[in-house]
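Visitor: I'd like a close look at one part of this molecule, please. Could you walk me through the details slowly?

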Amino acid sequence: MITRQLNSKTLHGISNQLSINLRRFHSSKHAHQQLDNNPHRNALPINRLMVSAITAKHPFEALEIFRRHLQFGFLNDIDEVTLAIALKACTGDQTPGRQIHGFAITSGFVSYISVSNSLMNMYCKSGQFDKALCIFNNLNNPDIVSWNTVLSGFEKSDDALSFALRMNLIGVVFDAVTYSTALSFCLDHEGFLFGLQLHSLIVKFGLDSEVYVGNALITMYSRWGRLVEARRVFDEMPNKDSVSWNAILSGYTQDGDYGVEAILALIEMMRKGLRLDHVSFTSAASACGHEKNLELGKQIHGVSIKMGYGTHVSVGNVLMSTYSKCEVTGDANKVFRRMHDRNVISWTTMISMNREDAVSLFKEMRLDGVCPNDVTFIGLIHAISIGNLVKEGRMIHGLCIKTNFLSEPSVCNCLITMYARFESMQDSEKVFDELSCREIISWNALISGYAQNGLSLAAVQAFFGVIKESKPNAYTFGSVLNAVGAAEDISLKHGQRCHSHIIKVGLDSDPIVGSALLDMYGKRGSIFESQRVFNETQEKSEFAWTAIISALARHGDYESVMNQFKEMENKGVRPDSITFLSVLTVCGRNGMIHKGRQLFDSMLKDYHIEPSPDHYSCMVDMLGRVGRLEEAEELVGQIPGGPGLSVLQSLLGACRIHGNVEMGERIADALMKMEPAGSGSYVLMSNLYAEKGDWEMVAILRKGMKSKGVRKEVGFSWADVGDIDGLHGFSSGDNTHPRSEEIYRMAECLGSEMKYLNSKRERAIAL
DNA sequence: CCGGAACGCC
C-alpha cells in the first residue's frame, strides 16, 4: 500500500490546477449531483471539490460534501486524502472532527500515517492537544510530519522547546518545517539562546535557503528588537516571497524607531512590483499609526482601496486604530461602518476609541453575535472607569465572573484600576487578593490605586510586597514615588529606599523613573536631591524637564526656574501646560508681573497651548498679590467656562490682603453660592471685616456660619524629624507636644526672619 | 510549518 502524504503544497497544487473560484464552485454543485449517480467513481473528483470549497473559504461546504458521501454510503469515493482534506476543513468546531476520527477508526483509514497526522493537526487546532498527543504516542512509526505537528501544538514555549530538544536527542532529523516551527517558539526573550542555537544549526545543515525558515528567522529577530539581524537574514535570502517582505515590514512596524524604514520597505515593495496583500497593508498602516503620520496613512488607505483591500477586516481594523491615533475618530468610525465583516478586534477597537459610547457599542457587538475576549473587556472596563460609570462597572465585573474572564489576570488588573478610580479600594483589594497569578502589572495597578486615593502608606507597603514577590518595573516606581511625593505623612526615608532600589535594579537611567524620582524629591522639598537626579539623567525627557522646573518653582527659586526654562527651549524641548503653570507660579511668588503676563500671553500665541483654569488662577493670584485687583477680576471674567472655586478663593484672599471690602463682598457672595458649606470664604470675609474694624459684619457672618452649619476646618500638618517613624502631626494652636514652647519660639524666629527677607526682596524689586 | 490588526500598570 502506498502512503500518499498530503501537505499544503499538494493542496495548493490541486486547487491551482483546477483554479476554481467560488462561482465555479457553486455551478459545480450540479456536477456533484451527477457524481453521486455515477457508478464508476474514484476519490479524485470529490477531493478536488472539497479542496476548491476550502480554497474558496467555505470549509463547511467541503464538510457537507464529505458528510453526504458517508450518508449515501459511497465509500469507494473516499480515500485517505479525502479524510485528510475533510479534517483540514474542521476549523474550530470539534464535533465533525471527532466524527471523522470515529469513521477513520471503523474504516481502517487510521492506519495511514497521513490520516493520523491530519487527526493530530485537527486536535491541535481545536485546542485538544491531549488527544493529539495520545494519537502520537500510539504511532508505531511517526514521520517528520507527525513530530512537527505535535511540536506545533504546544501552548507554552518552554514545553515546545524541550520537546524539540528531545526530538534532537533521539535522532529525529529536523526539516525546514521543524525549524520554522521551533523558531516560532523563540519569539520572546526567554527563547533567545535556543533561537540562536537553532539559527546556527540551520546554517550548518544548509536549510537557510528555505524560504519558510528564513521568514521565521526574520520574525524572530524582529520580535527580539534586533532589526539589523532580521534585515541581514532578509538580504541573504536567495528566494524571498511576499511573506518575507511582510515579515521584515512588520519588524520595522513593531519597533518605534523604524517607522520610516517600514514605510520605505513598503515603497520598495511597490517599486519592485511585488504583490501587496492584506498583511502588507495591515503592517504598513500600523506603521503610520505608530508614527502618527496621518497623511501617509491616508495614502496607504487609498492604495489599499485601489487594490481591493480597503474593506478587508484586518486592514480595516488597523486603519481604524491609525485614524484614532491621529485623532480623527470620525474617519475611524467611517472605516468601521463601511467594513463588510467585523470581528472581535474591530469591535474592541471601536469600544476602546469611543469611550463615551463603549457600553452601548458593547451591547451592539453582542447583538451582532460577536463574542468578546479578554482585550474587549480590558478596553470596556477602562472606558467605564474613565467615565466613572460605577453601576456599569459592577455589572461588567459580574459578567466577567459569569463568563469566566476573571481567570484572565489582565482583566483583573483592569478591574483593580477601575475600583481605584471609583474610590473603593476595598473592592480593588478583593480583586487583587483573588488573583490566580499576580503579575507585576497587578501590583502596579494596586499601588497606583493607593497613591491616587491618598493611601500613601498602603502604597509603600505594597511596594515592599512587590520586592519580596516579584521584580518591580518602571511603572511600579512611578506609582510608589508618586505616593511618597504626594503625602506629607510618609517619611522621606521611604522615598530614599525606593531610590536605592531603583539603582539596584538598574532603572536609574529610565526616563519615566528619573522624572518621577526628581518630582518626588521636589515635592518633598529636597531641591538639591532633585537637581542632582536631574543632572545625572542622561536622556532628559520632556517629563524630566517639566518635573525639575516644577520642583524649582515649588522651591520659589525664580532665577533657576527661568534659567532652566531657557535651557529647555534651547535644547528644543517644548514646554507644556504644566511647565507654564510652574513658570507662572514662580513669577507670581516673586512679583514678576510683567514677565508673567508676557509668558501667559505667549502661551496661546507662540506655543498654541490653551490656558487652563489653573493658569488663570495663577495669573489672578499673581495680580492679586500686588494689589492689581481690578485687572485680576477682569481676567476672572475671561476664564472659559466660568471661574472655579480656587480662582475666586485666591482673589478673595487678595481682597483681604489689600483691604478691598467692596470686591471682597462680591467675590465672597459668588463663592458662598458655589460652595455653601465651605468655611474658607466666611473666614476670609470675617478677617477682612475685622481688619477694617467692622465688627458688626463679623458678628453677622459668624451667626450665618452657625445657622448654616458651616464649621471651620482645622488645618493639620506633619514634620519629618528624620527617623522613619519620626513623623509628628500638629494642628494650629496645638501645644500638646512636650517641647511645644521651644517649637513656638523657633517658629516665631523663623517668621520674623522671613518677614525681614521678604521686605529686603521687595526693596530689591522696587529698585 | 512562516507574515498582520484591538487592551491594561507611568
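Visitor: In which helix is the place of Ile 267?

Guide: Happy to help! This is a predicted model, in which local features need pLDDT of at least 70 and side-chain atom pairs pLDDT 80 or more, while totals for chains, interfaces and linings use all residues. Residues are numbered from 1 along each chain as written, chains are lettered from A and ligands numbered from 1 in written order, and side-chain values use heavy atoms, without hydrogens and water.

Ile 267 sits in helix α17, residues 259-271 (helices are DSSP runs of H or I, at least four residues, numbered from the N terminus). With a relative accessible area of 36%, Ile 267 is partly exposed (buried is under 20%, exposed over 50%, partly exposed in between, with a 1.4 Å probe and protein chains only). Together with Val 260 and Leu 264, Ile 267 forms a nonpolar surface patch of about 260 Å² accessible area (Shrake-Rupley, 1.4 Å probe; patch residues have over 30% relative accessible area and no salt bridge, nonpolar side chains being joined within 5 Å and like charges within 9 Å).

For contrast, consider the charged pairs. The model has 17 salt bridges (a Lys or Arg side-chain nitrogen within 4 Å of an Asp or Glu carboxyl oxygen). In helix α41, residues 661-674, Glu 662 and Arg 666 are 4 residues apart, about one turn, and their side chains meet at 2.9 Å, N to O. Glu 662 is exposed at 54%, whereas Arg 666 is partly exposed at 39%. Both belong to a salt-bridge network with Glu 633. Lys 673 and Asp 669 also pair up, at 3.5 Å, again about one turn apart in helix α41.

Conventions:
Helix = DSSP H or I, 4+ residues; strand = E, 2+ residues; numbered from the N terminus.
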